[in-house]
Amino acid sequence: MNASPPLVVVTLRPATVEDCKPVWLWRNDEETRRASFDPSPIDYATHQSWFLGSLDNARRKIYIVVAQGEPSGVVRLDIAARQATVSIHLAPERRGQGIGPAALRALADLASGELELAVLLASVKPDNHASLAAFRRAGFTASRAGPTVTLARDLREGKG
Ligand SMILES: CC(C)(COP(=O)(O)OP(=O)(O)OC[C@H]1O[C@@H](n2cnc3c(N)ncnc32)[C@H](O)[C@@H]1OP(=O)(O)O)[C@@H](O)C(=O)NCCC(=O)NCCS
């Protein structure tokens with residue numbers, strides 16, 4: 001695993017209503033849509049209803065990625081039992097700086113700590129090299145299954 005250190009300090013904070021618009025803008029960015037399994041643009045009303053509903057959904061956790069004090073992207077967990085599916089997308093100008101792997105490592109710490117989860121999973125398109133590299137740098141292991149690559153990190157490893 002290539003574990004290059006982040007160039008910036010990265011933290012996560014729970015998303016709030018005020019984050020609705022920036023998350024929508026990041027989600028509708030062309031590269032993010034290309035990486036998504038549903039690449040169609042999302043209109044603001046649809047996003048707003050999904051986002052506000054998500055803030056009230058105990059099985060979904062949305063965190064804003066803060067790098068050098070600036071909101072720089074979003075990570076999400078969709079939780080089922082002690083397992084969660086991860087998604088991540090950063091602001092276009094914040095990519096390629098090691099922020100993604102640092103955010104995923106912070107998310108794994110949070111998931112194994114206060115959320116008491118056992119396993120994190122993500123599905124990535126095989127041609128999304130930036131995403132595959134970011135997950136690998138954050139300790140995820142890849143396996144190919146049909147048209148997607150599944151990345152997994154067992155959070156129990158290394159725990160007594
Ligand atoms: C995928 C993503 C989360 C990775 O986070 P990141 O902070 O950009 O990751 P890194 O800085 O470690 O970069 C990973 C690789 O992508 C390259 N890269 C990604 N975006 C880049 C950019 N805009 N400019 C330059 N390089 C970029 C990096 O150089 C690096 O390449 P390497 O593995 O050959 O060294 C982020 O690029 C992103 O949000 N992309 C758009 C949405 C997306 O694809 N989400 C994931 C869906 S599964």
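This is a short walk through a predicted model, starting at its ligand and ending at a few backbone angles.

Let us begin with where the ligand is found: the largest pocket is where it sits. Four elements each give two or more residues to the shell around the ligand, namely α2 (30-35), β4 (83-90), α4 (99-112) and α5 (129-137). Of these, α5 supplies the largest share, with five residues. If you select residues 129-137 in your viewer, you will have α5 in front of you.

How many residues surround the ligand, and which come nearest? There are 19 around the ligand, and the nearest are I88, L90, G96, G98 and G100. Sorted by class, the shell holds nine nonpolar residues and eight polar ones, with two charged residues besides. For anyone who likes to think in terms of interaction types, that is a handy breakdown to keep in mind.

Now to the polar contacts with the backbone. L90, one of the nearest residues, has a backbone N or O atom 2.8 Å from an oxygen atom of the ligand. G98 offers a similar kind of contact: a backbone N or O atom of G98 is 2.7 Å from a ligand oxygen atom. For Q97, the distance from a backbone N or O atom to an oxygen atom of the ligand is 3.0 Å. How much of the ligand's surface does the protein bury? Taken alone, the ligand exposes 900 Å², and the protein buries 70% of that.

Moving on from the ligand, turn to strands β6 (residues 141-145) and β7 (residues 148-154). They pair in the antiparallel sense, over five bridges. Together β6 and β7 form a hairpin, with two residues between them. A145 is a good place to look, as A145 stands opposite T148 in β7. In the turn you will find G146, which has a positive phi of about 65°.

That angle leads to the last stop, the sign of phi elsewhere in the chain. Most residues other than glycine have a negative phi. Which loop holds Q68? Q68 lies between β2 (60-67) and β3 (70-80), and phi of Q68 is positive, near 50°, in a residue other than glycine. E116 is another residue to check in your backbone plot: phi of E116 is near 55°, again a positive value in a residue that is not glycine. You can find E116 in the loop between α4 and β5 (119-124). The helix α4 also appeared earlier, as one of the elements that give two or more residues to the shell around the ligand.

Note on methods: Residues are numbered from 1 along each chain as its sequence is written. This is a predicted model: local features need pLDDT of at least 70, side-chain atom pairs count only at pLDDT 80 or more; totals for chains, interfaces and linings use all residues. Side-chain values use heavy atoms; hydrogens and water are left out. A residue is near a molecule or strand if one of its heavy atoms lies within 4 Å of it. A polar contact is a pair of N or O atoms within 3.5 Å; within protein, one must be able to donate a hydrogen and the other to accept it, and residues adjacent in sequence count only if both atoms are side-chain atoms. Accessible areas come from the Shrake-Rupley method with a 1.4 Å probe; for residues, only the protein chains shown count as cover. On a 1 Å grid over the protein atoms alone, a cavity is a set of points where a 1.4 Å probe fits but cannot get out, and a pocket is an open set with protein on both sides within 12 Å along at least five of seven lines; lining residues have an atom within 4 Å of a point. A molecule sits in a cavity or pocket if more than half of its atoms lie within 2 Å of its grid points. Ala, Val, Leu, Ile, Met, Phe, Trp, Tyr, Cys and Pro count as nonpolar, Asp, Glu, Lys and Arg as charged, and the others, Gly among them, as polar. Two strands pair if DSSP finds at least two bridges between them.
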